[in-house]
Amino acid sequence: MNTNVEKTVNNSSSENQDAISKEPEANTDTIAYGLYNAEGKYIDNGSKLTAENNVVNVNVSIDHNLNERREYALIVLEDFKQESFNLENKKKATKKYLFTMNPNTSKNIGVKVPVNPNAQELTFLLTKKPNYKLKKMDPNKAAILGEVLSMRYPLDHNNKSNNLKETKPDDIIKDGLNKNLFITSDKQKLKSVMAEREGKALSFSVGNDTEKPLRYAIIALKDWKQTDVTESEKVLYTTVAASERQLFDFKLPHAKKDSNFQLIALPYPYQVSKDNYESQQAFCSFRTVVEPSNHP
């Protein structure tokens, strides 16, 4: 099982580089989560999944070791595109499953995912408090809400996608602010955007703090349904050189009501393995609340 430790940041600054520069102190609250096959055997992150009759049949397990009642959302990506899935004993498919956990409880979710015969990777993402909208910077809340729990697996197919079409960044900067993913209103300072009107032109920064080039697949979610990252990209691929960050210009999507918006960067696309821990991760921006243009 994967274990997520919820942390506290003792910082009230509205400048995010201040908020992320201090090491958080961990408390005892944890979330354990993972995938099991139909026979109840745990599936290591990065291990191959096998489809039977083009369907992956698994159980998503979550141990909510927190003294609070909390809602979660489950979504599934096939090759980084959100796909419908079926819950156990339910005929109607869904693209997101919302469920509530009572304090210190566990849950097993039977999931059947139809997969394309040529698909190469399947990703399960769990979002905390999907309906909670944070409009003012609170580093502690922003960190907890911004973290998405990821479970990534290669599918047992022989196809490889090494020749991915990558998107050229609008700027490349070497300044040491190499956080993996960040939505910013200021390209130089990594200034957080907690709430903004639909259609607002912003930038997102994609960083690499390692000593080797790092490739990402980047997706965008609005209220946990996939939307375009840029006007021309549903999935944006890019490789960031060591100790650099790239900047991409984009616009916030249309919104009929206040909506949560988040970018997610998945490293090592189509190269996930159980031996490379970072390839199993999902790096996320802080959430931005997108307000409709007629918002009071």
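Q: How many bridges pair β20 with strand β21 (residues 283-284)?
A: This model is predicted. In it, β20 and β21 run in the antiparallel sense. One bridge partnership is that of I264 with C284 in β21. The number of bridges over which the two strands pair is two.

Q: Which residue of β22 stands opposite N260?
A: Strand β22 (residues 288-291) is antiparallel to β20 and is joined to β20 by three bridges. Within this pairing, the residue of β22 facing N260 is V289.

Q: How many bridges join strand β16 (residues 214-222) to β20?
A: β16 and β20 run antiparallel. In this pairing I219 stands opposite I264 of β20. I264 also has C284 in β21 as a bridge partner. The count of bridges between β16 and β20 is seven.

Q: How many of the nine residues of strand β20 (residues 259-267) are buried?
A: On one side of β20, S259, F261, L263, A265 and P267 are buried, and on the other side N260, Q262, I264 and L266 are buried as well. Both faces are therefore covered, and the strand is largely enclosed by the rest of the structure. The number of buried residues is nine of the nine.

Q: Which residues have the most contacts inside the largest nonpolar core?
A: In soluble globular proteins, nonpolar side chains tend to be buried together. The largest such core in this model has 30 residues. Within this core, the residues with the most contacts are V111 and F124.

Q: Which strand supplies the largest share of this core?
A: Several strands supply at least two core residues each, among them β2 (25-37), β4 (55-65), β5 (70-78) and β9 (105-114). The largest share is four residues, and the strand they come from is β4.

Q: How many residues make up the other core, which includes A220 and F248?
A: This core lies apart from the largest one. F283 and V290 are also among its members. Its number of residues is 22.

Q: Which residue of β19 is the bridge partner of F204?
A: Strand β15 (residues 201-208) runs antiparallel to strand β19 (residues 244-251), and eight bridges join them. In β19, the partner of F204 is F248.

Q: Which are the edge strands of the open sheet of four strands?
A: The strands of this sheet follow the order β12-β19-β15-β13, with antiparallel pairing. An edge strand here pairs on one side only. The two that do so are β12 (171-173) and β13 (181-184).

Q: What is the average twist from one strand to the next in that sheet?
A: The sheet is open and holds four strands. From each strand to the next, the twist averages 25°.

Q: Near what value is phi of N54?
A: Most residues other than glycine have a negative phi. N54 is found in the loop between β3 (42-43) and β4, and N54 is partly exposed, with a relative accessible area of 40%. Its phi is positive although the residue is not glycine, and lies near 60°.

Q: Which residue forms a salt bridge with K129 at 3.5 Å?
A: K129 lies in the loop between β10 and α2 (139-146), and its phi is near 45°, a positive value in a residue other than glycine. Its salt-bridge partner lies in the loop between β4 and β5, so the pair ties together parts that are 61 residues apart in sequence. At 28% relative accessibility K129 counts as partly exposed, and so does the partner at 27%. That partner is E68.

Q: How far apart in sequence are D258 and K135?
A: The side chains of D258 and K135 meet in a salt bridge of 2.7 Å, N to O. D258 is in the loop between β19 and β20, whereas K135 is in the loop between β10 and α2. Their separation is 123 residues.

Q: Is R245 buried or exposed?
A: R245, in strand β19, forms a salt bridge (2.8 Å, N to O) with D175. D175 is partly exposed, with a relative accessible area of 32%. Buried means under 20% relative accessible area. R245 has 0%, so R245 counts as buried.

Q: Which side chain of opposite charge is nearest to E78?
A: E78 lies in strand β5 and is buried, yet E78 has no salt bridge. A salt bridge needs the charged atoms to lie within 4 Å. The nearest side chain of opposite charge is 8.6 Å away, and belongs to K81.

How values were computed. Residues are numbered from 1 along each chain as its sequence is written. This is a predicted model: local features need pLDDT of at least 70, side-chain atom pairs count only at pLDDT 80 or more; totals for chains, interfaces and linings use all residues. Side-chain values use heavy atoms; hydrogens and water are left out. A nonpolar core is a set of buried Ala, Val, Leu, Ile, Met, Phe, Trp, Tyr and Cys residues joined through side-chain atoms within 4.5 Å. Buried means under 20% relative accessible area, exposed over 50%, partly exposed in between (1.4 Å probe, protein chains only). Two strands pair if DSSP finds at least two bridges between them. Axes are lines fitted to C-alpha atoms, for helices over the stretch in contact, and angles run from 0 to 180 degrees between N-to-C directions. Lys and Arg count as positive and Asp and Glu as negative; His and the chain ends are not counted.
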